[in-house]
Amino acid sequence: MTADDGEDSSPPTPAATEKARPSGLSVPRDLAVALYRKMRLIRRFEETCVELVNDNEIAAVVHESIGQEAVAVGVTAALGPDDLLTSTHRGHGHVLGRGADVKRVMAELMGRTTGTNHGRGGSMHVGEPKLGILGANGIVGAGTPIAVGAVWAARTRGLDSVGAAFFGDGGINQGVVHESFNLAVIWDVPVIFCCENNRYAVTTPIDSMTGASLTRRAEGAGMAVAEVDGMDPEAVYLAMQQAVARGRKESAPSFLELSAYRYKGHHTAEKEYRDPVELETWWAKDPLETWPARLMEEGFLSLEDKDEIDKSVEILIREAVEFARNSPWPQPDEVFEFVYATETARGFPSGTWGS
Ligand SMILES: Cc1ncc(C[n+]2csc(CCOP(=O)(O)OP(=O)(O)O)c2C)c(N)n1
Ligand SMILES: [Mg+2]
């Protein structure tokens, strides 16, 4: 007997209630599938980066966000075309989520002139102003004041922009982050402060670093706050959507604590130091497994669809690596080009965010 047989008057069991709902998801199918596709792209992009680092095709180390993809895609999916984004040292997911071209991001990491920053920035400085991406940032917490200033400037120019400023659970202990909270509240600047709580800053666990709840700190600054399951792209998207709506309507900032986990070390050169049981517990929540499983349960995705998506992502990644390999290196006599202020860096050109 199922809940929709209409013959059984006994109260429905939780399982039957679940089945009776038309869909257990609040996002439409297209978006739900797009969230999976983007997460897969980010995961495979970073796994490929690790190989390229090991083969010396990417110089130095990169900070992977493997495990945190749901945060990147959920936050960026809720942004509009005139919105702004500042990122961190762990920013590949944020910029790919926002729609940066995979080839140009890969070329940047591989130091080529076709990269987003003409090969001058590398992994920790990927920026794409035409998409409102004002840069990843190697200085912990430093994206937050940039977001506040840039969103204030955009709104002063009459745009309806909001901003997403990413930082980590370690970053919340930076003074400038709290100064940014305060300015955003005082000046009515709708920045959504997206704190990715992956529970560690390098090797330091959050419990030995931060004395109060993260949301209470932001609440103290006078902002609306939410604690969000950062392993669930839908939960992230819905929380972000609400914060963006508040930002547009009331010109008010918000704070989201997005709880997630990074499955790898702080960067590619770091050895594992965490409790294997803890790691196992978080691997069981891997959004790359749990999200497509939910989509399949809801009939939003078939195994064939998933295979198709996975294959198309492989092609994109392969093409990106080939594009970067075949692109020219910057030349020594061009060393000062693209380093000092240009039109784009000085002020936003008319239209959206220039080129
Ligand atoms: C101002 C500043 N202090 C210290 C560092 C060195 N550092 C780089 S990443 C990092 C940890 C950041 O942790 P968190 O904010 O939680 O971000 P996660 O690495 O976990 O993504 C530190 C201390 C830095 N880059 N900038
Ligand atoms: Mg952290």
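**A tour from the salt bridges to the central strands**

Counting a Lys or Arg side-chain nitrogen within 4 Å of an Asp or Glu carboxyl oxygen as a salt bridge, the count comes to 16 salt bridges in this predicted model.

Select Arg44 and Glu314 to begin with; they form a salt bridge whose closest N and O atoms are 2.7 Å apart. This pair links distant parts of the chain, since Arg44 belongs to helix α2 (residues 29-54) and Glu314 to helix α12 (residues 303-325), with their positions 270 residues apart. Arg44 counts as buried at 16% relative accessibility, whereas Glu314, with a relative accessible area of 24%, is partly exposed. Add Arg40, Glu47, Lys306 and Asp310 to the selection, and you will have a network of salt bridges that links these residues with Arg44 and Glu314.

Stay on helix α12 and look at Lys306 and Asp310, whose salt bridge has its closest N and O atoms 3.0 Å apart. Because they are four residues apart in this helix, Lys306 and Asp310 are separated by about one helical turn. Lys306 is buried at 17% relative accessibility, and Asp310 is buried as well, with a relative accessible area of 10%.

Further along helix α12, select Glu322 and Arg325, which form another salt bridge, with the closest N and O atoms 2.9 Å apart. Here the two residues are three positions apart in the helix, so about one helical turn separates them. Glu322 is partly exposed at 37% relative accessibility, and Arg325 is partly exposed at 36%.

Next, select strand β7 (residues 254-259), where six of the six residues are buried, so that the strand is largely enclosed by the rest of the structure. Ser254, Leu256 and Leu258 point one way from β7, while Phe255, Glu257 and Ser259 point the other way. In a regular strand, side chains alternate between the two faces of the sheet.

Now show the strands that pair with β7. Strand β3 (residues 191-197) runs parallel to β7 and is joined to it by six bridges, and Phe193 has Phe255 as its bridge partner. Strand β6 (residues 224-229) also pairs with β7 in the parallel sense over six bridges, with Glu227 standing opposite Glu257. Adding helix α9 (residues 233-250) completes a right-handed β-α-β unit made of β6, α9 and β7.

Finally, turn to the surface and select Trp152, Leu183, Ile186 and Trp187, which form a nonpolar patch with about 430 Å² of accessible area together. Trp152 lies in helix α6 (residues 143-156) and is partly exposed, with a relative accessible area of 43%.

Notes
Residues are numbered from 1 along each chain as its sequence is written. Chains are lettered from A and ligands numbered from 1 in the order in which they are written. This is a predicted model: local features need pLDDT of at least 70, side-chain atom pairs count only at pLDDT 80 or more; totals for chains, interfaces and linings use all residues. Side-chain values use heavy atoms; hydrogens and water are left out. Buried means under 20% relative accessible area, exposed over 50%, partly exposed in between (1.4 Å probe, protein chains only). Two strands pair if DSSP finds at least two bridges between them. A crossover is right-handed if, with the strands pointing away from the viewer, the path from the first strand over the helix to the second runs clockwise. Patches are made of residues with over 30% relative accessible area and no salt bridge: like charges are joined within 9 Å, nonpolar side chains (Val, Leu, Ile, Met, Phe, Trp, Tyr) within 5 Å. Accessible areas come from the Shrake-Rupley method with a 1.4 Å probe; for residues, only the protein chains shown count as cover.
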